[in-house]
Amino acid sequence: MSEKLAIPGRVKEISSLSNPIVKDLRLLEKKRHREDTNRFVAEGMKLVIDALDLGWSLDTLIYAASKRGDAKIGGLAAKALAKGADILIVPEKVLGAITRRDNPQMVVGVFKRRFAKASAVTDGSGDVWVALDRVRDPGNLGTVIRTIDAVGAKGVILIGDTTDPFSPETVRATMGSIFGVNIIRMAAEDFASFANTWSGRIVGTHMAGETDFRNVDYGGGPTILLMGNEQQGLTDALVEACTDVVRIPQAGRADSLNLAVATAICLYEAKRESLALEPIG
């Protein structure tokens with residue numbers, strides 16, 4: 001079936017995988033195309049709704065033709081149109097091709113990428129940020145972003161050549177937290193300069209650290225948790241930027257922890273007081 005124009009220019013019904021619009025959306029799997037077009041894909045109705053509520057710019061809303069009569073999707077489409085987005089109605093095979101999934105979500109959003117500026121790094125009492133040095137694994141990055149959101153930390157600083165936070169794998173791993181966390185990029189030399197002006201602690205994890213991560217006073221001022229590359233750890237220059245170099249104790253045969261796990265452990269310790277549960281009963 002050829003492209004069917006439902007409302008000129010704004011709402012399109014497409015069924016062909018060879019349609020130029022579909023081909024363009026499929027290319028968003030590639031980092032270069034995401035950077036060139038400043039767009040990325042997020043899957044799921046709840047994620048799209050949350051992103052719109054948080055002020056993210058929706059480029060295109062895509063939903064399955066089989067859900068055409070769904071009132072909630074219809075309401076979302078109307079909201080998306082009001083915000084200037086285009087609407088695509090497609091069969092599930094096209095959704096699967098765009099998302100590269102055999103069982104795709106019935107609603108997909110194409111959003112504009114958004115990075116915060118370095119000036120967004122706040123230094124209020126109790127503020128906690130995570131800085132990641134050359135993180136490579138998209139699943140690790142997505143899980144860290146999700147954990148930052150869960151504990152109420154402020155955001156993530158990506159240092160040097162890192163994996164793309166807007167890759168499909170990373171976005172999926174965040175489970176929607178990509179839309180609620182500040183994401184900042186810095187070159188290694190820029191972070192070193194920034195560290196010289198930072199008013200709080202910079203707590204770096206290192207296998208050679210002589211301080212137990214639980215023995216740091218996270219309570220007073222702001223904190224940056226600085227985590228190293230999955231294989232190589234922190235560079236010497238970044239270790240020098242730390243006010244505290246800590247280690248997570250281990251008793252088993254494993255020689256290291258997964259980056260996302262280590263970050264979560266440190267984050268929950270840094271936010272322990274603010275996350276304390278009220279007694280039940």
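**Pockets, cores and selected residues**

The second largest pocket holds about 220 Å³ of space. Here a pocket is an open set of points on a 1 Å grid over the protein atoms alone, where a 1.4 Å probe fits and protein lies on both sides within 12 Å along at least five of seven lines; its volume is the space filled by probe spheres set on the points, which are joined across faces, edges and corners. Lining residues, those with an atom within 4 Å of a point, number 13 in this pocket, and Tyr 218, Gly 219, Ala 270, Arg 272 and Glu 273 are the closest to its centre. The lining comprises four nonpolar, three polar and six charged residues, where Ala, Val, Leu, Ile, Met, Phe, Trp, Tyr, Cys and Pro count as nonpolar, Asp, Glu, Lys and Arg as charged, and the others, Gly among them, as polar.

The model is a predicted one, in which local features need pLDDT of at least 70 and side-chain atom pairs count only at pLDDT 80 or more, whereas totals for chains, interfaces and linings use all residues. Residues are numbered from 1 along each chain as its sequence is written, and side-chain values use heavy atoms, with hydrogens and water left out.

Turning to the largest pocket, about 460 Å³ of space is found there. Its lining has 22 residues, with Thr 205, Met 207, Gly 233, Ser 256 and Leu 257 nearest the centre. Eight of the lining residues are nonpolar, 11 polar and three charged. Strand E13 (244–247) and helix H10 (259–270) each contribute at least two residues to this lining; helices (H or I, at least four residues) and strands (E, at least two) are DSSP runs numbered from the N terminus.

Val 245 lies in strand E13 and is partly exposed, at 26% relative accessibility (buried means under 20% relative accessible area, exposed over 50%, partly exposed in between, with a 1.4 Å probe and protein chains only). Beyond its neighbours within four places in sequence, Val 245 is in contact (heavy atoms within 4.5 Å) with Gly 204, His 206, Gly 209, Glu 210, Thr 211 and Val 239.

Helix H10 reappears in the interior. The largest nonpolar core, a set of buried Ala, Val, Leu, Ile, Met, Phe, Trp, Tyr and Cys residues joined through side-chain atoms within 4.5 Å, has 52 residues, and Leu 61, Phe 111, Leu 132 and Phe 179 have the most contacts inside it. H10 supplies the largest share of this core, six residues. Another core, of 18 residues, lies apart from it and includes Phe 194, Trp 198, Leu 234 and Ala 241.

Across the protein, 10 helices and 13 strands are assigned, and 47% of the 281 residues count as buried. Among contacts between residues at least 6 apart in sequence, 78% join residues at least 24 apart.

Several loop residues complete the picture. Ser 167, between strand E8 (155–159) and helix H7 (168–174), is buried at 5% relative accessible area; outside its neighbours within four places in sequence, Ser 167 is in contact with Arg 34 and Pro 138. Two residues other than glycine have positive phi values: Asn 38, near 60 degrees, and Arg 134, near 55 degrees. Asn 38 sits in the loop between helix H2 (31–37) and strand E3 (39–43) and is partly exposed at 32%, whereas Arg 134, in the loop between strand E7 (128–133) and helix H6 (138–151), is buried at 16%.
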